[in-house]
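Please take a moment to look over the sequence and the structure before reading on. The paragraphs below lead through them step by step.

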2 protein chains.
Amino acid sequence: MSEQTNNDWLEKLNWDDNGLLPAIAQEQGSSKVLCLAWMNREALALTVKEQRAIYWSRSRQKLWRKGEESGHVQQLREIRVDCDLDVILLSVIQDGDIACHTGRHSCFYLKLENQDWLAVDPVLKDPALIYRK
Amino acid sequence: MSEQTNNDWLEKLNWDDNGLLPAIAQEQGSSKVLCLAWMNREALALTVKEQRAIYWSRSRQKLWRKGEESGHVQQLREIRVDCDLDVILLSVIQDGDIACHTGRHSCFYLKLENQDWLAVDPVLKDPALIYRK
């Protein structure tokens with residue numbers, strides 16, 4: 001980033017020992033919670049700069065531009081943080097209406113019923129069609 | 001817990017190395033995201049059993065029955081988890097309409113504007129009145 005960039009707002013956050021914070025993506029309008037992923041400083045700075053959700057993939061240990069493969073970009077509308085400055089809340093527009101790699105609208109489709117996790121939301125698009133090369 | 005309790009649903013979740021998962025509390029009706037806290041197996045089991053949000057306080061290293069001091073209990077309506085089985089989403093009724101220790105409705109009252117975090121939601125009740133003994 002340029003030397004003129006002011007990073008005070010980034011450093012005010014209480015990044016964890018791994019330099020990460022959880023980031024919730026909530027859909028503007030419906031207010032549905034779409035997913036929770038993780039951000040480091042670079043991911044959050046890029047999210048603001050590019051106005052789309054960019055996470056840090058803990059499994060792949062690299063930046064993850066949400067939608068880079070699927071096209072299901074999350075367009076940024078607003079960023080908030082909580083009172084402890086350690087949780088990020090994004091308000092987004094979900095391209096394609098699909099946030100989940102299973103082809104569902106939200107990642108939170110598993111509901112606790114009768115002591116088990118039941119899939120209660122429909123698959124909107126076959127993942128094989130989303131991720132085909 | 002009794003020997004007859006079935007804990008398979010708990011063990012299906014991908015608890016982190018500290019035995020914790022992030023839990024988002026979302027208000028039923030308004031769909032506002034109220035807070036994010038952490039749960040271990042015991043906290044989640046008790047949340048289901050007592051039908052109120054019970055978290056694990058990482059700072060105090062003990063169970064935290066949300067509302068135990070403030071009276072601002074989060075009554076459970078539904079529990080979901082995400083596709084990776086590593087994030088919990090609670091749908092709750094927020095007693096007193098206040099989730100935040102600052103006396104605000106939601107903990108997410110700090111909005112990024114002009115490279116700073118601005119408090120954009122009102123304090124509904126003076127914390128000194130909430131937490132007086």
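Two strands are said to pair if DSSP finds at least two bridges between them, and the strands themselves are DSSP runs (E, at least two residues), numbered from the N terminus. This is a predicted model, in which local features need pLDDT of at least 70 and side-chain atom pairs count only at pLDDT 80 or more, while totals for chains, interfaces and linings use all residues. Residues are numbered from 1 along each chain as its sequence is written, and chains are lettered from A and ligands numbered from 1 in the order in which they are written.

A good place to begin is the pairing between the chains. Strand 7 of chain A pairs with strand 5 (residues 74-81) of chain B in the antiparallel sense over 2 bridges, and A:Lys111 has B:Arg80 as its bridge partner in that strand of chain B. Likewise, strand 5 of chain A and strand 7 (residues 110-113) of chain B run antiparallel and are joined by 2 bridges, with A:Val81 standing opposite B:Leu110.

B:Leu110 also stands opposite B:Ala119 in strand 8 of chain B, and strands 7 and 8 of chain B, which run antiparallel, are joined by 4 bridges. These two strands form a hairpin with 2 residues between them, and B:Asn114 in the turn has a positive phi of about 50°.

Where do these strands belong in the wider sheet? They are part of an open sheet of 6 strands with mixed pairing, in the order 2(A)-1(A)-6(A)-5(A)-7(B)-8(B). Strand 2 of chain A and strand 8 (116-119) of chain B stand at the edges, each with a single partner strand, so one side of each is left without a neighbour in the sheet.

We can now turn to the contact as a whole. Counting two residues as in contact if their C-beta atoms, placed from the backbone, lie within 7 Å, the contact takes 29 residues from chain A and 29 residues from chain B. On the side of chain A that touches chain B, the largest share, 4 residues, comes from strand 5 of chain A.

How are the two copies related? When they are superposed by least squares on the C-alpha atoms of residues with pLDDT of at least 70 in both, a rotation of 180° with 0.0 Å of shift along its axis places chain A on chain B (RMSD 0.0 Å). The two copies are thus related as by a two-fold rotation axis. Of the residues of chain A, A:Ser31 comes closest to the rotation axis, at 2.9 Å (C-alpha). Finally, 100% of the interface residues of chain A are also interface residues in chain B, so the copies meet through the same surface.
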